[in-house]
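Colleague: Could you take me slowly through one part of this model, as you would for someone in their first year, and show me how that part is set among its neighbours?

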Amino acid sequence: MTEITVSQNAARHRFDLLDGGKVIGKAAYQEYTGGSSPQRIFYHTVVNEEYGGQGLGLTLASEALNATVADGLEIVPVCPFIKKYVSRHHEYDASVVAVTPEHLQFLESALHRD
């Protein structure tokens, strides 16, 4: 393992977890503007199996959520990992929005387009 970093890959709608330049994990999202303010729907988070058990998913979640808040977006935690993370890290409480059927419909439509 070299230097672990997190980088936003806006073109692919995700945050990449990198070991050197190699993508070893990601937190995928879709931007949503149908709410009262701009939102980022997180729907899938994964870290490659060989990097598991090292807390790297927590690093990825923290960096992705901090960037989302810094960008002035609300967090919509559809992904079970992100949902669990925000339930344990109350510093995000003011930025978390409950998932609605509209979020899920939007997400399904957006993912079928891509």
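**A strand and its surroundings**

Modeller: Let us begin with a single pairing, in which Val 6 has Leu 17 of strand S2 as its bridge partner. Please keep in mind throughout that this is a predicted model. The pairing belongs to a longer contact between strands, for strand S1, which covers residues 4–9, runs antiparallel to S2 and is paired with it over six bridges. Between these two strands there is a hairpin with four residues, and here His 13 takes a positive phi near 55°.

S2 also pairs with S3, again in the antiparallel sense and over six bridges, and in this pairing Phe 15 has Ala 27 of S3 as its bridge partner. The hairpin that joins S2 and S3 has two residues between the strands, and Gly 20 takes a positive phi near 70° there.

We can now ask how S2 sits in the structure as a whole. Six of the six residues of S2 are buried, so the strand is largely enclosed by the rest of the structure. The burial applies to both faces, since Arg 14, Asp 16 and Leu 18 are buried on one side, while Phe 15, Leu 17 and Asp 19 are buried on the other.

Phe 15 leads us onward, because the largest nonpolar core has 18 residues, and Phe 15 is listed with Ala 27, Phe 42, Leu 65, Ile 82 and Tyr 92 as those that touch the most other members. Strand S2 (14–19), strand S3 (22–32), helix H1 (56–70) and helix H2 (80–88) each supply at least two residues of this core, and H1 gives the most, with five residues. Leu 65 shows how such a residue is surrounded, for when residues up to four places away in sequence are left aside, Leu 65 touches Phe 42, Ile 75, Ile 82, Tyr 85, Val 86 and Tyr 92.

The aromatic rings give a second way of following Phe 15, since ring pairs link Phe 15, Tyr 29 and Phe 42 into a cluster. Tyr 29 and Phe 42 are connected through the backbone too, as Phe 42 in S4 is the bridge partner of Tyr 29. Over the face of Tyr 29 lies Arg 40, at 4.7 Å from the ring centre, and Arg 40 in turn stands opposite Ile 75 in S5. In the whole model, the count comes to five aromatic pairs. One of them is formed by Tyr 85 and Tyr 92, whose rings are tilted, at 6.1 Å centre to centre with 50° between the planes. Buried means under 20% relative accessible area, so Tyr 85, at 8% relative accessibility, counts as buried, and Tyr 92, at 3%, counts as buried as well.

From S3 the pairing goes on to S4, since these two strands are antiparallel over eight bridges and are joined by a hairpin of six residues. S4 also pairs with strand S5 (residues 74–77), here in the parallel sense over four bridges. Gln 39 lies in S4, which spans residues 39–47, and Gln 39 is buried, with a relative accessible area of 3%. The side chain of Gln 39 is joined to that of Glu 74 by a polar contact of 3.0 Å. Beyond four places away in sequence, the residues that Gln 39 touches include Gln 30, Tyr 32, Val 97 and His 103.

Note on methods:
Residues are numbered from 1 along each chain as its sequence is written. This is a predicted model: local features need pLDDT of at least 70, side-chain atom pairs count only at pLDDT 80 or more; totals for chains, interfaces and linings use all residues. Side-chain values use heavy atoms; hydrogens and water are left out. Rings of Phe, Tyr and Trp (its six-membered ring) pair if their centres lie within 6.5 Å; planes under 30 degrees apart count as stacked, over 60 as edge-to-face and the rest as tilted. Buried means under 20% relative accessible area, exposed over 50%, partly exposed in between (1.4 Å probe, protein chains only). A charge sits over a ring if NZ of Lys or CZ of Arg is within 6 Å of the ring centre and within 35 degrees of the ring normal. A nonpolar core is a set of buried Ala, Val, Leu, Ile, Met, Phe, Trp, Tyr and Cys residues joined through side-chain atoms within 4.5 Å. Contact means heavy atoms within 4.5 Å. A polar contact is a pair of N or O atoms within 3.5 Å; within protein, one must be able to donate a hydrogen and the other to accept it, and residues adjacent in sequence count only if both atoms are side-chain atoms. Two strands pair if DSSP finds at least two bridges between them.
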